[in-house]
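Reader: I've got this one open and I'd like you to take me through one stretch of it slowly, then zoom out to whatever surrounds it. Keep it chatty, but give me the cut-offs as you go.

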Amino acid sequence: MTTTTARVEPRPLGKSGPTSDLIRRRPWLQRLLLIGPALATIGVFGILPLCLMGLVSFLERGMNGGVVWGEYTTEAYVNFLFDRDLDDSLIFNSDYLQIFLRSFLQSASTTVLALLIGFPTALYMALQPERRRNLLVFLVTIPFWTNLLVRNYSWILLLRANGLIDTALQSIGLTSEPLNLLYTDFAIAVGLTYSYLPFMVLPIYASLEKLDWRLVEAAYDLGANRLRALARVIIPLSAPGIIAGAILVFIPCLGAYVTPVLLGGGKTLMIGNLIQLQFGSSRNWPFGAALSFSLLGLVLITMVIYLVRYRGKAAHP
Amino acid sequence: MRASVNPLLRFPGARGVAVLFFAYLYLPIVVLIGLSFNANRSATIWTGFTTDWYAQVVQNNQILSAAQNSLVVAAIATVISTALATLAALGTARRFSGWTMANAVIALPLVVPEVVTAVATLLFFVLIGIRLGLLSVIIAHVVFCIPFAYLPIRARLEGMDATLREAASDLYADEWRTFRRVTLPLLWPGILSGAMLAFIISLDDFVITSFVAGPGASTLPIYIYTLIRIGVSPEVNAISAIMLVISIVFVSLSFLIQRWRA
């Protein structure tokens, strides 16, 4: 690009005003004026609160909610595994650990379910003519933009006792009594899968779409059958997409908070609900902050590992 | 087209799963909209077509005031976040040292789990003494709307023909003139599309809003949540269907505008 290319200005600047010259001669200043406001907004109201949350997780718990400033303690993190007895000795308490494990299991099964449905769908989409591909991508994204509560609510209509699924199954004679699907772990899995499936399909589709299909043809020429071509060529080449999809499904599942309440009936807590409780009835802010901070740490570590491992590979296979 | 090149590139099972997938994706939406017109209160057995539930929704004052809050928040958050995102997209149009970092910061609200953002923002407002209410909701919404507005605008800028701007300066247009007469008109679809996405994300948000909204600042999703906790009812069907349709219309428009070539 030549130096004659017009730079883009944020506001009217006279041709020779002193301010204009000051900005024009310093591209970094111009850039700062353009990007600065957005970065400052996210920095002050997005990143600063996250740091503050980290700080709060190391503060003493206030009597009626809130925190005691200046009193630093790791109590909130100890709290996660131990209860304090009357004589101040620590007793192992696995309640919270169980909630974490259950959240991990629930998120993992959702991720597997999403992968089993998502991969074949992405493969089908990638092999369609271009016009239809674009339409299908659009259809995959639409539910993502609809309201989370409404999406979960519609599953209540389908799953509840004598709801639509029960009625349908009974009318064709498969069952004679309500299945009581709602308020079970199954209902949570259905709801979570429904909410996050697009995040699985789209990254896999993106890597399959860029795939050089001649490689697959070469595999056939070398005597591979469909299954072998899939296992040895297509799946390895779309690994970045599959991993990205798995991360994008797994992480929001871990923090899910609406689905366990609405479809699980609030019987089985997940991490998100546990966090919410600390700011509601439990009034233990440092503990809530510690839980959130741990979840955030987990997310960031996963992202960094993914970027280090796959950065660039997705774009240039 | 590719499939016709080599029949071996067809995967018979994939088609079946894809059909099931799209059925799974759209069945709940269709069922919900269908049931919102059902005359029967029990909401399972179809007994006839009615629009009564919609009439009840529009006459419900609590719903109307929650909807008003939602619209005020979404409108303000959209304007501010789109303005910030447009400037940022113009600033990141060319690579510079720190470019990756700037993009990472802008994308951050997409990466952090909602419940974590909600907790952090709540603590922040309480500790620095901003009263929870519409203002706190608007501030929180601006932050997570920025990346949604930013991405379509940047995509539009990246697809833009640089020679047009060069031509303008060859024709002695100064920078401001080039921006106003060339860049901005070409950028409009991206800005509009980003604004629509920001609007819909703000209008639909529940998790973060439920943490940072004070007692008087109930938005529509918060009100819907309290209704759902009470139980299934035709009124919830109707208001949910309205929310669904608004989202779908806005997203469709946003995508159409994005694809529309100037």
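**A loop residue and what lies around it**

Author: Let's start with B:R94, which is partly exposed because 15 other C-beta atoms lie within 10 Å. The cut-offs here are 20 or more other C-beta atoms within 10 Å for buried, 12 or fewer for exposed, and partly exposed in between, with the C-beta atoms placed from the backbone. Bear in mind that this is a predicted model, where local features need a pLDDT of at least 70 and side-chain atom pairs count only at 80 or more, while totals for chains, interfaces and linings use all residues. Residues are numbered from 1 along each chain as its sequence is written, and chains are lettered from A, and ligands numbered from 1, in the order in which they are written.

So where does B:R94 sit? It lies in the loop between α4 and α5 (99–111) of chain B. Helices here are DSSP runs of H or I with at least four residues, strands are runs of E with at least two, and both are numbered from the N terminus. From B:R94 to B:L157, 63 residues apart along the chain, the C-alpha separation is 10.0 Å.

Helix α4 (residues 61–91) of chain B has the highest confidence in that chain, a mean of 94, whereas α1 (residues 2–5) of chain B has the lowest, at 48. That's pLDDT, the predictor's confidence in each residue on a scale from 0 to 100. Chain B as a whole averages 87, with 95% of its residues at 70 or more. The model scores are ipTM 0.87 and pTM 0.86.

Helix α4 also turns up as part of the cover over another helix, α11 (residues 220–230) of chain B. The buried residues of α11 are B:L220, B:P221, B:I222, B:I224, B:Y225 and B:I228. In general, an α-helix has 3.6 residues a turn, so residues three or four places apart point the same way. The cover over the buried residues of α11(B) includes α4, α9 (175–204), α10 (207–212) and α12 (234–259) of chain B, along with α6 (148–159) and α12 (258–262) of chain A. Just past α11(B), B:G231 has a positive phi of about 150°.

Now step back to chain B. The chain has 12 helices and zero strands, and its C-alpha atoms fill a box of roughly 70 × 65 × 30 Å along the principal axes. Of its 262 residues, 47% count as buried. Among its contacts with a separation of 6 or more, 78% join residues 24 or more positions apart. A contact means two C-beta atoms, placed from the backbone, within 7 Å.

An automatic or database assignment sets the domain bounds, and chain B is divided into domain 1 (2–35) and domain 2 (55–259). Their centres, taken over C-alpha atoms, are 31 Å apart. Four residues of domain 1 of chain B contact four of domain 2 of chain B. On the domain 1 side, that's four nonpolar residues, no polar and no charged. Nonpolar covers Ala, Val, Leu, Ile, Met, Phe, Trp, Tyr, Cys and Pro, charged covers Asp, Glu, Lys and Arg, and the others, Gly among them, are polar.

Then there's the partner. 82 residues of chain A are in contact with 83 of chain B. Helix α2 (residues 27–56) of chain A gives the largest share of the chain A side, 17 residues. By class, that side has 58 nonpolar, 16 polar and eight charged residues.

What about the packing inside? The largest nonpolar core has 158 residues, and those with the most contacts inside it are A:A38, B:A88, B:V119, B:I146 and B:A149. Helix α8(A) contributes the largest share of this core, 15 residues. A nonpolar core is a set of buried Ala, Val, Leu, Ile, Met, Phe, Trp, Tyr and Cys residues joined through C-beta atoms within 7 Å. Leaving out residues up to four places away in sequence, B:V119 touches A:M53, A:I275, A:F279, A:G288, A:A289, A:S292 and B:F211.

For contrast with B:R94, try A:D95 in helix α4 (residues 95–126) of chain A. It is exposed because 12 other C-beta atoms lie within 10 Å.
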